[in-house]
Amino acid sequence: MSVDRVTNVLLCGIGGQGVLTAAELLARAAIAAGHDVKKTEVAGMAQRGGVVTSHLRFGPRVLAPAIPDGETDLLIGFEAAEALRWIGQVRAGGRIVANALRVKPPVVHQGLFAYPDDPIGAARAKGADRGIDVRSLDARAIADDLGNMKLINTAMLGAVADLLPLSPDALRALVVDVFRARKPALADLNAQAFDAGRAAVAAEAESAPAAAAS
Amino acid sequence: MNALTDVSAGSRALLSGNDAVARAVWEAGARVASAYPGTPSTEILETLARYPDVNAQWGVNEKVALEVAIGAALAGSRAFCAMKHVGMNVAADALMSQALAGINAGLVIAVADDVGLSSSQNEQDSRYWGRFAHLPILEPADAQEAHAFTLAAYALSEQAACPVILRLTTRVCHVKTVVAVGERQTPAHKGFIRDARRWVMLPANAKAMLPKQDARDAALSRESDTTDLTTILDGPDRSLGLIASGPAALSAREALPDAPILKMGQTWPLPLERIRAFAAGVDRVLVVEETEPLVETELKAAGLDVLGKDTLPRHGELSVGVLRAAAARLRGTADAAAPAPAAGPDPDVFPRPPTMCPGCPHLSPFYCLSKLRRAVLIAGDIGCYTLGAGHPWQAMDTCTCMGASVTMAHGLAIGKDGDDAAKGVVAVIGDSTFLHMGMQGLLNLVYNRANVTVMLLDNRTVGMTGGQEHPGTGFGIHGEEAPRVDFVALVKAMGVKPERVHSVNPYALPDLFKLIRTETQVPEVSVIITNQPCVLTDRHVPHPALTVVEEDCTGCGGCIAIGCPAIQVARRETTTTKSGKPKELTFARIDSAFCTGCNACVETCAPNAIVPLDPAAHPRLERV
């Protein structure tokens with residue numbers, strides 16, 4: 001761990017899912033809280049349905065642009081198997097919040113590779129010996145209930161709001177303000193999606209203690 | 001959210017390295033900027049185009065872009081040019097000679113190296129251009145430095161009267177950090193200096209420039225030894241000192257916080273006197289550089305005993321983990337024996353390679369080529385369509401660099417023999433790549449009477465880099481209307497026979513297949529131009545989605561072979577044929593949320609099981 005207590009958040013998903021936008025909002029929240037911030041973006045070939053990651057680091061002073069191997073405090077998976085893919089980057093005692101959404105790529109449909117039966121369960125099993133706390137939520141169902149698939153990202157941000165050294169209320173206000181400025185009609189829906197994501201992870205934490213690996 | 005052109009001077013903003021370079025070019029008072037898109041450099045010009053009072057424009061290739069910038073700088077305006085690392089290979093002709101002639105108003109050339117090859121065909125170290133062309137190299141470590149160093153580069157360019165190369169890497173270009181920005185300066189226009197002995201590179205004039213270049217080299221070396229872009233990050237543990245630059249210097253500081261670091265902001269010419277003084281104060285010196293051993297080699301030649309690529313990897317990013325592990329090995333500490341943290345992606349999880357998009361107009365050309373696989377050799381090119389080399393098409397035999405599909409197909413056609421003698425040869429190239437460097441190859445092909453079928457996949461954008469404009473789109477960088485090249489007329493003008501030039505709709509799959517088969521058998525140059533736009537651009541008009549009638553699907557898997565991500569496997573079954581052999585059946589479904597209704601897959605379905613989700617909304621598909 002860095003002596004400067006830098007917080008490392010790794011966001012992962014698939015090109016087109018809005019991973020970079022979510023990372024941008026978290027970065028803004030960290031800046032607003034007075035932190036130094038570094039945040040990577042990946043472009044180019046990765047945008048074409050491939051694997052996308054964004055490294056977000058914040059603290060008093062951030063040096064390296066990328067999160068050192070195995071030092072991720074919080075892994076945010078926008079797709080279930082992607083969360084499993086990057087579990088090796090999470091530190092002992094770190095956390096994973098994963099969307100239960102499963103997206104199979106063409107190479108799986110073409111029969112070349114298998115999609116894991118239970119990626120979240122596999123992540124729990126793999127992370128158990130390092131004390132990694134894995135939580136999941138169905139952000140797509142939350143977005144479906146509210147009638148707009150674009151709310152998945154906001155639900156994911158709500159899901160991690162209580163797991164970061166940032167004020168959950170400030171993050172919520174920032175997310176809602178951004179949408180109020182861009183798409184006023186969606187501001188209230190975003191607030192609801194944020195709260196629903198936050199509640200879903202809190203409920204899961206109560207019903208399934210972190211130590212219990214399935 | 002990307003371009004913060006309205007950020008006021010004196011304030012701080014979250015900017016990527018690319019955003020920061022663009023901001024600083026504007027602040028430096030540059031009036032002209034030209035670039036060709038290429039990851040990771042593309043966003044520099046895109047962002048710069050949003051600022052006022054800069055004539056920002058896409059060039060058709062990097063050589064053209066650099067020459068436009070050179071001309072503007074000679075005319076007296078501060079100018080800018082950006083490219084990815086391989087772009088400089090194209091621009092090098094202009095670079096090498098103009099470096100000798102020098103410059104009038106400031107010229108900064110940003111070259112972005114794709115360390116780790118996230119989206120490139122090779123990993124190239126652009127710092128060598130500094131040594132090769134006798135030009136200074138400035139190397140920022142993050143976005144804040146990218147901003148400051150760009151401003152410093154203009155000052156240095158005018159002080160030394162030569163272009164300055166700003167060497168960026170992916171971890172500078174695409175990493176955002178908080179940057180303090182300033183106001184736009186208004187440097188006086190320098191005016192054109194009519195001086196043929198300086199600007200006309202006749203041998204006699206060029207020869208006279210050589211001693212001046214030597215003097216400039218010496219002055220630049222003195223500058224490098226005093227510039228405040230190079231700093232020492234001190235540390236108490238003097239057993240190992242690091243000489244580093246770029247993002248690797250910051251990773252080194254994090255990995256080894258107690259080690260003194262000479263952090264070089266200018267990496268060519270090297271600050272040799274400062275390096276000697278630094279080395280004298282530590283027991284051992286390790287050179288931390290991405291990616292080639294340029295500094296290491298120079299220091300060894302200067303008689304310094306340094307460690308470098310014997311200790312650190314020769315390829316890829318020098319991350320904190322890599323540097324910690326190397327230092328532990330050097331110091332012989334216990335860490336060396338400890339297993340490295342499980343770093344990369346989990347090996348048990350399937351790969352998720354980039355794919356073509358649902359409804360992409362490149363899908364059916366590669367489907368057709370995959371069906372003709374045994375009858376043709378296929379030379380590919382740089383763009384989204386390079387994905388045609390992958391599953392399920394596997395319809396590409398070569399891909400080297402921009403435009404090389406046409407020329408290498410030419411070589412394949414005249415060099416093939418044996419089992420390949422009777423095969424047709426196909427070149428697959430996109431619209432922007434054709435205009436970048438493919439045109440000359442076609443001219444050469446026609447002139448030399450080779451037999452190649454050129455498939456010009458015109459999707460009216462630079463797709464892979466995110467949809468930029470070019471002379472074939474009809475629009476300029478600001479979205480304004482621009483003259484649009486007529487590809488059919490262009491290739492005819494180059495001498496392709498009119499009856500061998502075809503502009504076709506790629507979604508009409510059977511027609512496309514027959515055309516490719518016919519043209520690859522005709523012993524002449526043919527050009528097949530597909531004419532439907534990229535589905536990610538506004539020019540694409542989606543149609544209502546399709547679906548698979550479950551009870552009609554026979555499990556033949558024909559539609560899966562198109563490779564459209566919207567077509568998925570519903571279930572697999574194994575059955576037995578009449579002759580008793582096991583047969584795998586693949587039943588398909590279409591994810592209507594992604595389907596663009598392009599119709600290409602409909603023609604692959606023998607039982608006509610692919611139908612409109614809403615027949616009333618899709619009159620084109622009515623069947624008798």
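Reader: Which residues of S7(B) lie on its two sides, and are they buried or exposed?
Author: On one side of S7(B) are Val164(B), Leu166(B) and Leu168(B), and on the other are Ile165(B), Arg167(B) and Thr169(B). Strands (E, at least two residues) and helices (H or I, at least four) are DSSP runs, numbered from the N terminus. A residue is buried if 20 or more other C-beta atoms, placed from the backbone, lie within 10 Å of its own, exposed if 12 or fewer, and partly exposed in between. Both faces of S7(B) are covered, and these residues are all buried.

Reader: What kind of model is this?
Author: Residues are numbered from 1 along each chain as its sequence is written, while chains are lettered from A and ligands numbered from 1 in the order in which they are written. Local features need pLDDT of at least 70, side-chain atom pairs count only at pLDDT 80 or more, and totals for chains, interfaces and linings use all residues; the model is predicted.

Reader: How many bridges join S5 of chain B to S7(B)?
Author: Strands pair if DSSP finds at least two bridges between them. S5 (residues 107-113) of chain B runs parallel to S7(B), and Asp113(B) stands opposite Thr169(B). The number of bridges joining S5 to S7(B) is 6.

Reader: Which residue of S7(B) is the bridge partner of Ile137(B)?
Author: Strand S6 (residues 137-138) of chain B is joined to S7(B) by 2 bridges, and the two run parallel. The partner of Ile137(B) in S7(B) is Ile165(B).

Reader: Which residues of the largest nonpolar core touch the most other members?
Author: A nonpolar core is a set of buried Ala, Val, Leu, Ile, Met, Phe, Trp, Tyr and Cys residues joined through C-beta atoms within 7 Å. The largest one has 176 residues. The members that touch the most others are Ala33(B), Ala69(B), Leu166(B) and Val288(B).

Reader: Which domains of chain B give at least three residues each to this core?
Author: Domain bounds come from an automatic or database domain assignment. Chain B is divided into domain 1 (12-226), domain 2 (231-337), domain 3 (363-530) and domain 4 (546-621). At least three residues of the core come from each of domain 1 and domain 2.

Reader: How far apart are the centres of domain 2 and domain 4 of chain B?
Author: The two domains cover residues 231-337 and 546-621. Taken over C-alpha atoms, the separation of their centres is 58 Å.

Reader: Which element gives the most to the side of chain A that touches chain B?
Author: Contact means that C-beta atoms, placed from the backbone, lie within 7 Å, and 48 residues of chain A are in contact with 48 residues of chain B. Helix H1 (19-32), strand S2 (36-40), helix H2 (80-85) and helix H3 (106-109) of chain A each give two or more residues to this side. With 5 residues, the element that gives the most is S2(A).

Reader: Which residue in S8(B) is the bridge partner of Lys39(A)?
Author: S2(A) and strand S8 (residues 175-180) of chain B run antiparallel and are joined by 3 bridges. Within S8(B), the partner of Lys39(A) is Lys176(B).

Reader: Why do Cys564(B), Cys595(B), Cys598(B) and Cys601(B) gather at one spot?
Author: UniProt places the feature "binding site" at these four residues, in an unreviewed entry; such positions are given in the numbering used here, feature names are shortened, and annotations may be inferred rather than shown by experiment. The residues span 38 places in sequence. They gather at one spot because no two of their C-alpha atoms are more than 10.6 Å apart.

Reader: Is Cys564(B) buried or exposed?
Author: Cys564(B) is in the loop between strand S19 (546-548) and strand S20 (567-576) of chain B. Beyond four places in sequence, Cys564(B) touches Pro358(B), Gly359(B), Leu363(B) and Cys601(B). Because 27 other C-beta atoms lie within 10 Å, Cys564(B) is buried.

Reader: What is the largest C-alpha distance among Cys553(B), Cys556(B), Cys559(B) and Cys605(B)?
Author: An unreviewed UniProt entry lists these residues for "binding site". They are spread over 53 residues of sequence, yet cluster in space, and the largest C-alpha distance is 10.5 Å.

Reader: Is Asp53(B) buried or exposed?
Author: Asp53(B) lies in the loop between helix H2 (42-48) and strand S3 (55-58) of chain B. As for Arg31(B), Asp53(B) is 22 residues away in sequence and 6.5 Å away in space, C-alpha to C-alpha. Because Asp53(B) has 10 C-beta neighbours inside 10 Å, this residue counts as exposed.

How values were computed: Two residues are in contact if their C-beta atoms, placed from the backbone, lie within 7 Å.
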